[in-house]
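Colleague: I have a new model open and would like to learn how to read it, feature by feature. Could you walk me through it?

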Amino acid sequence: MGEILMLLISSAILIYALFLCTFLGQRIGVKIENAQGFNVNLEMLRGLASFSVFLAHTTMYFGYLSPRYILSTYTGSFGVNIFFMLTAYLFWNQVISNKIDFNRFYIKRFYRLVPIVITVVTAVTLVDFITSQDRALDLSRLNAILKNYMFGFGGVNDVFSSNMYLRINTIWTLKWEWLFYLTLPILAIWPKKLTLIIALILAVFTFSDITKVFSGDSDFVFFAAFFLGAITLYFESYLKNLFSGKLTLLFILSSLSLIVYLFSEGYKGIVHYKSILCTISAYFAFLSFLICPFKIPVRISHSLQLLGKVSYSFYLWHLSINFYGIFLIKKYLVKDESIFFSSPYHFFVFGISMITISLIISFVSFKCIEDYFLKKSHSLKIKF
């Protein structure tokens with residue numbers, strides 16, 4: 001029952017977040033600019049995916065209220081799978097339509113992804129340094145700092161204090177995103193699409209330990225998310241030509257059914273096959289947003305698009321903000337953790353507080369960092 005109550009409270013937090021996005025967009029000057037080919041539905045889905053990850057990293061602290069950790073497990077996995085599918089779909093679409101220019105592609109991706117990551121990791125490292133009693137710098141700590149700037153390829157390493165993974169662990173997904181980008185040129189020049197699909201399937205078996213799929217220890221689900229997002233382009237038009245309204249309803253019901261099943265089964269320490277079911281659930285949600293334009297109020301659509309627009313900053317910042325929020329609460333407010341973290345009221349207040357701080361910082365960092373470097377990348381003239 002705890003998880004259902006948390007889900008209802010989380011819905012209220014999402015509604016509040018949408019109003020806050022509209023307010024911050026107006027005050028800070030972040031606007032929705034729908035260029036040619038822009039997909040409103042997918043931008044809204046990106047916003048919902050970022051909130052799903054936020055929800056996972058918020059509920060994980062309230063184990064006394066939700067001892068089965070369903071929300072903190074599956075909402076995070078759901079959101080990350082959506083992000084991977086969106087990435088594969090959008091960039092593979094550029095490849096098959098011959099719109100991608102690899103002379104500019106990596107420079108633009110660098111400007112898009114790197115500055116904000118450097119900002120977040122640097123900010124967290126500085127706070128870690130200031131709040132630590134042991135500030136001595138040695139070779140091992142310098143090595144740990146350097147590895148934390150390697151977009152997940154170096155792992156997440158403690159520097160001056162412990163639990164760095166609770167502050168910057170969102171960077172682990174960037175490793176998979178960069179691996180996808182690095183393989184794009186090879187995939188783009190592949191002569192036949194049928195053999196390409198076979199090659200991708202073989203790559204999944206080569207780089208993933210399929211024998212561990214059902215224990216939750218395999219990387220298979222990440223490959224699967226990218227693969228599903230990319231191959232959707234080959235039958236997207238066929239799906240849209242069908243009864244898209246009824247088909248969308250079917251996808252939504254299928255996605256919700258899998259989520260209900262995951263909730264009923266709970267979380268038992270090891271994900272088992274549930275990670276695969278979560279990926280399939282995310283894919284059904286992805287398809288429903290892709291093939292059918294939803295008729296929702298303009299204000300809600302606009303707010304979700306704003307959340308989608310700042311989702312990368314929001315995704316990177318919220319984990320550390322939650323961590324420091326919990327740190328301050330435990331230090332100054334909590335006498336009995338079992339009582340505090342079993343209260344739905346405390347969960348609501350904490351969620352509202354953290355999403356407020358996270359969105360304010362995200363909108364400011366988007367405007368001052370992401371948007372600045374995005375415009376800079378568009379103005380680059382690259383000659384080889």
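**Reading the helices**

Modeller: Gladly. Let us begin with helix H13 (residues 298–309): at 1.5 Å a residue, its 12 residues should span 16 Å, and its end C-alpha atoms are indeed 16 Å apart, so the two values agree. Do keep in mind that this is a predicted model.

Colleague: Which residues of H13 are buried?

Modeller: In H13 the buried residues are Ser301, Ser303, Leu304, Gln305, Leu306, Leu307 and Gly308.

Colleague: How does the length check turn out for helix H14 (residues 311–332)?

Modeller: H14 has 22 residues and reaches 31 Å between its first and last C-alpha, close to the expected 32 Å. End-to-end length is one thing to read, and local direction is another: H14 bends by about 35° at tryptophan 317. As for cover, 16 of the 22 residues in H14 are buried, which leaves the helix mostly covered.

Colleague: And the chain as a whole? How many helices and strands does it have?

Modeller: The protein chain has 16 helices and zero strands. Of its 384 residues, 50% are buried. Contacts tell you about the fold too: among those between residues at least 6 apart in sequence, 81% join residues at least 24 apart.

Colleague: Now the charged side chains, please. How should I read a salt bridge?

Modeller: The general idea is that side chains of opposite charge can pair when their charged atoms come close. Here the structure holds five salt bridges. One of them joins arginine 112 and glutamate 370, with the closest N and O atoms 2.4 Å apart. Arginine 112 lies in helix H4 (residues 102–131) and glutamate 370 in helix H16 (residues 344–378), so this pair ties together parts that are 258 residues apart in sequence.

Colleague: Are arginine 112 and glutamate 370 buried or exposed?

Modeller: Both arginine 112 and glutamate 370 are buried.

Colleague: What about pairs within one helix?

Modeller: First the general idea: an α-helix has 3.6 residues a turn, so residues three or four places apart point the same way. In helix H2 (residues 40–59), glutamate 43 and arginine 46 are three residues apart, about one turn. Their side chains meet in a salt bridge at 3.4 Å, N to O. Glutamate 43 counts as buried because its relative accessibility is 11%.

Colleague: Where would I look for a pair four residues apart?

Modeller: Look in helix H16, where lysine 375 and aspartate 371 are four residues apart and therefore separated by about one helical turn. Their side chains form a salt bridge, also listed at 3.4 Å, N to O. The partners sit in contrasting surroundings: lysine 375 counts as exposed, at 54% relative accessibility, whereas aspartate 371 counts as buried, at 14%.

Colleague: Let us turn to the surface. Which residues make a nonpolar patch?

Modeller: Leu146, Met150, Phe153, Leu179 and Leu182 make a nonpolar surface patch of about 460 Å². Leucine 182, one of these residues, belongs to helix H7 (residues 172–188). For the whole chain, the exposed area is about 19,300 Å², with carbon and sulfur atoms supplying 67% of it.

Colleague: Could we finish with a loop residue? What does asparagine 169 touch?

Modeller: Asparagine 169 sits in the loop between helix H6 (165–168) and H7. Leaving aside residues up to four places away in sequence, asparagine 169 touches Val156, Met164 and Leu319. Asparagine 169 is 147 residues from leucine 316 in sequence, yet their C-alpha atoms are 8.7 Å apart in space. With a relative accessible area of 28%, asparagine 169 is partly exposed.

Methods:
Residues numbered from 1 in each chain as written. Predicted model: local features only at pLDDT ≥ 70, side-chain atom pairs only at ≥ 80, totals over all residues. Heavy atoms only, no water. Helix = DSSP H or I, 4+ residues; strand = E, 2+ residues; numbered from the N terminus. Expected span 1.5 Å × (residues − 1). Bend = angle between axes of the 7 residues up to and from the residue. Buried < 20%, exposed > 50% of the residue type's maximum accessible area, 1.4 Å probe, protein only. Salt bridge = Lys/Arg side-chain N within 4 Å of Asp/Glu carboxyl O. Patch = residues over 30% accessible without salt bridge, like charges linked within 9 Å, V, L, I, M, F, W, Y side chains within 5 Å. Areas by Shrake-Rupley, 256 points an atom, 1.4 Å probe, with all protein chains shown as cover. Contact = heavy atoms within 4.5 Å.
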